[in-house]
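Biologist: Hey, could you walk me through this one? I'd like to start with anything odd in the backbone and then go wider.

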Amino acid sequence: MKLSRGAILLLVPGVGILLAFLVLPLANVVEESFRLFEPGRIGAAKDAPYTFFNYAELINFTYLYYFVETARIGFIASIVGLILGFPIAYVIARRFTPMWRKIGVGFLIGIMFLSTLVRVYALQLTFGPTGIAKFLTGLLGVSMNGRFYTELVVILGLLHYLVPIAAITLLGTIQNVNPRLTEAAQALGAPRWMAHFTITIPLCVPGLLSAFLISFTLCLSAFVVPMILGKGKVLFVSNLIYSRFSEIANYPSGSAISIIMLILSLMIIYGVTYLVTTRWIKH
Amino acid sequence: MSVVQLKSVTKRFGQFTAVSEATFSLNKGEILSLLGPSGCGKTTTLRMIAGFEEPSEGDVLIADVNMHNKRPYERNVGLLFQDYALFPHLSVKQNVAYGLKRRNYDRSQINNRVGEMLDLVKLDGFEQRRPSQLSGGQQQRVALARALATNPEVVLLDEPLSALDAKLRQELRIELKQILSAVGASTIIVTHDQEEAMSLGDRLVVMSEGRIVQQGPPTEIYKNPRTKFVAEFIGRSNWLRGVLGPAVSNNLCTFEVAEGLALLVPKPEFDAPTYEVCIRPERIRAGNAASTDGAASVNRISGTVQNVAHLGADIHIVMELASGHRFTISEQFIGQSMDQYQGLLECTFFPSDCIVVAADS
């Protein structure tokens with residue numbers, strides 16, 4: 001690849017900003033994560049010695065639990081988001097008239113522009129002890145303070161933006177699938193549901209994969225939702241990082257957790273992509 | 001025995017009537033061409049037979065069973081789409097096997113049938129290919145094998161050759177006909193191409209604006225089109241509008257077109273305020289034919305040659321008559337010189353070559 005002088009000139013500002021404000025601070029975090037922390041200080045001392053302690057400390061069931069819980073709840077929420085988002089996208093792409101399609105897409109984008117904080121408190125009001133859900137939980141015999149209920153509310157909070165994102169991502173994919181294919185399948189004797197499971201969904205795997213990856217990464221970095229709706233019972237790694245940095249000012253430990261989270265996220269994304277592309281996307 | 005029967009089938013989409021009172025039937029082993037310009041309702045008719053649209057009125061019968069409210073997968077119909085609609089994520093073999101699997105054939109039956117079908121369409125050895133790795137003609141054959149694999153009661157082909165280039169289309173037309181007659185499939189072909197309709201179909205059903213305007217064997221329709229639309233849509237034609245004159249014999253009468261231009265035409269069996277006469281270009285002979293035929297009742301016209309186009313086997317001559325009418329004449333090329341087609345040209349045709357239809361008001 002050979003770039004002309006003009007192209008290089010155009011690239012310099014963007015690459016410069018990326019280096020200055022993204023790579024350098026991240027390098028700073030990496031460096032900080034290897035510094036020894038003395039309790040009582042704010043961050044590590046300038047000349048603090050290097051150590052692996054911040055990482056070694058994380059090999060502990062309590063910390064591991066945060067990572068596993070974040071990934072587990074994020075995974076469930078992403079899958080549920082896909083399952084709920086797919087039919088919405090399908091109906092908008094296939095059944096709506098062009099005008100209703102615009103309204104539908106506008107509505108989905110509109111939901112995403114709504115402040116996370118507003119949405120989360122709306123859920124808190126509805127599903128908290130003062131909301132209408134109290135009646136339902138009482139009826140079903142579910143404790144509102146129980147772990148299950150809290151987790152459910154956190155997942156609902158995540159779905160609030162995962163569903164529109166999944167639907168918008170899948171919209172294009174579904175539009176690109178030739179509608180004649182399901183008709184061909186039906187003419188060959190497949191009922192409609194079978195035609196969708198054998199033809200439409202397999203052809204949407206690339207779109208489902210990208211929708212899943214977007215949803216999952218959003219879940220992993222979710223912060224406000226678990227903080228407010230989790231009520232201290234359900235905490236994500238982001239909340240742990242936050243408390244390290246802001247509550248006990250242990251910057252090195254917070255940095256180490258951040259780096260681990262970054263590496264784990266990249267590994268999961270790569271792993272899922274590899275699995276899906278080798279298994280299902282062959283053509 | 002008729003495999004498919006349509007009994008005054010009407011389909012409306014809101015205010016728009018796509019198909020109006022369509023009645024026709026398809027006999028066992030027959031190939032029927034549903035012919036008409038785009039938007040004439042032929043594809044809607046096909047989709048009603050396949051079960052993707054429900055008629056607003058009338059009945060569709062397949063094998064004497066009323067298909068009312070029967071879903072596409074509850075009918076035994078083989079469908080070939082214009083764009084083939086091959087499943088891109090499945091191999092050729094899996095595509096052909098799709099319908100067999102839905103009908104619960106066991107593994108060895110599926111393998112046998114797929115092999116048989118690919119043999120029929122001359123694609124053995126292509127089992128593991130993906131549709132994207134095939135040429136247009138090969139894709140069409142896979143789609144045909146897929147549609148025929150389940151032994152459907154009726155095979156429906158929607159513009160089967162329109163996605164291919166002209167040369168391939170001719171080859172595949174012959175091949176398609178051979179394959180369909182080899183399996184004895186009762187077939188309905190939807191097309192807007194009159195050559196395709198005539199060469200493939202044992203019978204034609206011509207549609208215009210949602211209505212069936214004429215049906216019958218291709219030769220019959222070409223020779224005796226009942227309306228101007230049918231005559232113009234099927235084949236090339238020259239038109240003269242005029243007044244019917246007195247009868248000159250039992251079956252001939254005069255036809256006054258303009259001053260100095262009168263023809264002898266077959267006596268029409270219907271009444272109309274005005275008539276039009278159609279003469280096919282290939283029925284007109286350039287030069288003086290009377291000397292060779294000696295027939296007394298021959299129509300003569302003469303005009304100035306305006307253009308001569310040599311198209312290979314045919315020569316198309318455009319001439320202007322003294323009355324101002326333009327005529328196209330088609331002559332076979334048998335090595336003659338083009339020089340004879342210039343200046344004032346005399347032409348002849350027989351009264352029996354004139355097709356009289358009622359003029360559109």
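**Chatting through the model**

Modeller: Sure, let's start with Glu21(B), which counts as partly exposed at 48% relative accessibility. Keep in mind that this is a predicted model.

Biologist: Where does Glu21(B) lie?

Modeller: Glu21(B) is part of strand 2 of chain B, which covers residues 16–27.

Biologist: And what is its phi?

Modeller: The phi of Glu21(B) is positive, about 50°, although the residue is not a glycine. For background, most residues other than glycine have a negative phi.

Biologist: Tell me about Asn104(B) too. What is phi there?

Modeller: Asn104(B) has a phi near 60°, again a positive value in a residue other than glycine. Asn104(B) lies in a loop of chain B, between helix 2 (92–102) and helix 3 (107–120).

Biologist: Is Asn104(B) buried or exposed?

Modeller: Exposed, as its relative accessible area is 67%.

Biologist: OK, new topic: aromatics. How many aromatic pairs are there over all chains?

Modeller: Twelve over all chains. One of them is Phe34(A) with Tyr55(A), a tilted pair with 5.1 Å from centre to centre and 40° between the planes.

Biologist: Why is that one called tilted?

Modeller: Because planes under 30 degrees apart count as stacked and those over 60 as edge-to-face, the rest are called tilted. The 40° of Phe34(A) and Tyr55(A) belongs to that remainder.

Biologist: Where do Phe34(A) and Tyr55(A) lie in the chain?

Modeller: This pair links distant parts of chain A, with the two positions 21 residues apart in sequence numbering. Phe34(A) is in the loop between helix 1 (5–33) and helix 2 (53–56), while Tyr55(A) is in helix 2.

Biologist: Buried or exposed, those two?

Modeller: Phe34(A) is partly exposed, with a relative accessible area of 25%. Tyr55(A) has 16%, and it counts as buried because the cut-off for that is under 20%.

Biologist: Which residues form the aromatic cluster with Phe34(A)?

Modeller: Phe52(A) and Tyr55(A) form one aromatic cluster together with Phe34(A).

Biologist: Switching to charges on rings. What sits over Tyr98(B)?

Modeller: The charged end of Arg102(B) does, 4.5 Å from the centre of the ring. There is also Lys228(B), which lies over the face of Trp239(B) at 5.0 Å from the ring centre.

Biologist: What does Glu175(B) touch?

Modeller: Leaving aside residues up to four places away in sequence, Glu175(B) touches Lys122(B) and Arg141(B). Glu175(B) lies in helix 5 of chain B, residues 166–183.

Biologist: Is Glu175(B) buried or exposed?

Modeller: Buried, with a relative accessible area of 19%.

Biologist: Let's zoom out. How many helices and strands are there in chain A?

Modeller: Chain A has 13 helices and zero strands. In chain B there are nine helices and 20 strands.

Biologist: What box does each chain fill?

Modeller: Along the principal axes, the C-alpha atoms of chain A fill a box of roughly 75 × 70 × 35 Å. For chain B the box is roughly 75 × 50 × 35 Å.

Biologist: And how much of each chain is buried?

Modeller: In chain A, 41% of the 283 residues count as buried. In chain B, buried residues make up 51% of 361.

Biologist: What about the surface: how much belongs to carbon and sulfur atoms?

Modeller: For chain A, 74% of an accessible surface of about 16,000 Å². For chain B, 46% of about 16,600 Å².

Biologist: How many positive and negative side chains has each one?

Modeller: Chain A has 20 positive and 9 negative, and the centres of the two sets lie 19 Å apart. Chain B has 37 positive and 41 negative, with the centres 8 Å apart.

Biologist: Last one, about helix 1 of chain A. Is Arg5(A) buried or exposed?

Modeller: Arg5(A), which lies in that helix, counts as exposed at 73% relative accessibility.

Biologist: How far apart are Arg5(A) and Ile42(A)?

Modeller: In sequence they are 37 residues apart, and in space Arg5(A) and Ile42(A) are 46 Å apart, C-alpha to C-alpha.

Definitions and conventions:
Residues are numbered from 1 along each chain as its sequence is written. Chains are lettered from A and ligands numbered from 1 in the order in which they are written. This is a predicted model: local features need pLDDT of at least 70, side-chain atom pairs count only at pLDDT 80 or more; totals for chains, interfaces and linings use all residues. Side-chain values use heavy atoms; hydrogens and water are left out. Rings of Phe, Tyr and Trp (its six-membered ring) pair if their centres lie within 6.5 Å; planes under 30 degrees apart count as stacked, over 60 as edge-to-face and the rest as tilted. Helices (H or I, at least four residues) and strands (E, at least two) are DSSP runs, numbered from the N terminus. Buried means under 20% relative accessible area, exposed over 50%, partly exposed in between (1.4 Å probe, protein chains only). A charge sits over a ring if NZ of Lys or CZ of Arg is within 6 Å of the ring centre and within 35 degrees of the ring normal. Accessible areas come from the Shrake-Rupley method with a 1.4 Å probe; for residues, only the protein chains shown count as cover. Lys and Arg count as positive and Asp and Glu as negative; His and the chain ends are not counted. The place of a charge is taken as NZ of Lys, CZ of Arg, CG of Asp or CD of Glu. Contact means heavy atoms within 4.5 Å.
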